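Please open the structure in a viewer and keep the sequence panel beside it. The tour below proceeds by selections, one stop at a time.

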Amino acid sequence: MPENPVTTRDDEEPVLRVTGLDVHYGIGRKRHRALSGVSLEVAPGQAVGLIGETGSGKSTLARAVLGLVPAGGGSVVIGGEDVTGWSRRRWRAFRRRGVVQYVFQDPLRSLDPDLSVQDSLAEPLLLRGESRGAAREQVLEQLERVNLEPDLLPRLPGELSGGQRQRVAVARALVVRPRLIILDEPVSALDAANRVQILQIIKDLRDAGTALLFISHDLGSVAGVADRVAVLYQGELVEEGPAGVVLRSPRHAYTRLLLGSVPTLHAPSASRQQRQALRAQL
Ligand SMILES: Nc1ncnc2c1ncn2[C@@H]1O[C@H](COP(=O)(O)OP(=O)(O)OP(=O)(O)O)[C@@H](O)[C@H]1O
């Protein structure tokens, strides 16, 4: 457990507050713990980067925050509402209000393959009771924000490139002006040019006051976007702090191991021997 959870500035009520979250998968002898006592907060206009190796529980945390897997213990509070243990029906209504939105690595998971770009973007607005005219206007506005041309509006997701699809997924998340966006590996499947552009859109969102939980394997992307970084190891948060501090001078042996195996960051890549020595300390 970290000494302190990821905390917000004193004067700002966090948009997301996760406290002592436990998540289990499976039943009986197959039951195993994927998250254990995880606590973190994200304030308005703050981007918290969540890093950790494969299987450490990053996506589970995203899914638990979005009500897609149940919490076995602890609580999740979004926009001041305790959403822990809500029924699917209550979650559906809450998602429609647009407080929280998400973008996954594979945009086909965030988008309905049978809905055109126009319908996909307008749907959350129409569900909220907005007129077709008002919805159309906002759709065009968000499309421009993600650098897409209106001539893509009649197309289905399967008729777009990967980069275009991810932009549509981001635009769909933005169209309801959410207070919190969960981004789970949003740029991992994109080429370098698309990655840079999507990361810029994400940074603009943060600067406009949206709270972001940004999950990524790519520590370079995290370094570019996150104000704070939280490190998950085997379902526990082992380190958190300002991005510059955690990524440049990590305290925990696991974070050093994680950073040491990534040659693209500031620190030189750790040798195999160093990594083995670090792993022995865990
Ligand atoms: N639906 C599921 N049923 C059973 N176990 C699961 C399920 N989803 C994930 N797990 C297990 O929970 C643990 C955490 O998985 P999770 O997908 O959250 O990791 P992750 O850090 O997001 O990994 P990656 O970076 O590879 O996406 C892993 O041990 C995984 O095998």
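The stops below go from the whole chain to its two sheets, then to the ligand and one helix residue.

**The whole chain**

Begin with the entire protein displayed as a cartoon, bearing in mind that this is a predicted model. The secondary structure amounts to eleven helices and ten strands. Of the 282 residues, 42% count as buried. Among contacts between residues at least 6 apart in sequence, 65% join residues at least 24 apart.

Next, select residues 18-259. UniProt lists this range, in an unreviewed entry, as "domain: ABC transporter". Over this range the chain is 40% helix and 25% strand. The C-alpha atoms at its two ends are 25 Å apart.

**The six-stranded sheet**

Select β6, β7, β8, β3, β9 and β10. In that order, these six strands form an open sheet with mixed pairing. Which strands stand at the edges? They are β6 (100-104) and β10 (236-242). Each has a single partner strand, so one side of each is left without a neighbour in the sheet. From one strand to the next, the twist averages 15°.

Now restrict the selection to β3, residues 47-51. Is this strand mostly covered or mostly open? It is mostly covered, as five of its five residues are buried. Displaying the side chains shows two directions: Ala47, Gly49 and Ile51 point one way from β3, while Val48 and Leu50 point the other way.

Add β8 (residues 211-215) to the selection. β3 and β8 pair in the parallel sense over four bridges. Two pairs of residues help to locate this pairing: Ala47 has Leu212 as its bridge partner in β8, and Leu50 has Ile215.

Then add β9 (residues 228-233). Four bridges join this strand to β3, and the two run parallel. Here Val48 of β3 has Arg228 as its bridge partner.

**Helices across the sheet**

Select helix α6, residues 162-174. This helix lies across β6 and β7 (180-184), and runs at about 175° to β6. Helix α7, residues 192-207, is the next selection. It lies across β3, β7 and β8, running at about 145° to β8.

Within helix α7, pick out Asn194. Is this residue buried or partly exposed? Asn194 has 18 C-beta neighbours inside 10 Å and therefore counts as partly exposed. For a sense of distance, draw a line from Asn194 to Gly133. The two residues are 61 apart along the chain, and their C-alpha atoms are separated by 31 Å.

**The four-stranded sheet**

Select β2, β1, β4 and β5. These strands form an open sheet in that order, with antiparallel pairing. The edge strands are β2 (32-42) and β5 (81-82), each pairing on one side only.

Focus on β1 (residues 16-25) and β4 (residues 73-78). They run antiparallel and are joined by five bridges. Two residues of β4 can be labelled together with their counterparts: Gly73 stands opposite Asp22, and Ile78 stands opposite Leu16.

Follow the chain from β4 to β5. These two strands pair in the antiparallel sense over two bridges, and the bridge partner of Val77 in β5 is Asp82. How many residues lie between the strands of this hairpin? There are two, and Gly79 in the hairpin takes a positive phi near 55°.

**Around the ligand**

Finally, display the ligand and select the residues around it: Tyr25, Gly26, Ala34, Gly52, Thr54, Gly55, Ser56, Gly57, Lys58, Ser59, Thr60 and His217. This shell divides into two nonpolar residues, nine polar residues and one charged residue.

Which helix gives the most to the shell? It is helix α1 (residues 58-65), which supplies three residues. Select that helix together with the ligand to view its contribution.

**Returning to the overview**

To close, restore the full cartoon and colour the two sheets separately. One is the open sheet of six strands with mixed pairing, and the other is the open sheet of four strands with antiparallel pairing. Helix α6 can then be followed across β6 and β7, and helix α7 across β3, β7 and β8.

Technical notes:
Residues numbered from 1 in each chain as written. Predicted model: local features only at pLDDT ≥ 70, side-chain atom pairs only at ≥ 80, totals over all residues. Near = placed C-beta within 6 Å. Nonpolar A, V, L, I, M, F, W, Y, C, P; charged D, E, K, R; others polar. Pairing = 2+ DSSP bridges. Axes fitted to C-alpha atoms, helices over the stretch in contact; angles between N-to-C directions. Contact = placed C-beta atoms within 7 Å. Buried ≥ 20, exposed ≤ 12 C-beta atoms within 10 Å, placed from the backbone. UniProt positions renumbered as here; feature names shortened; annotations may be inferred.
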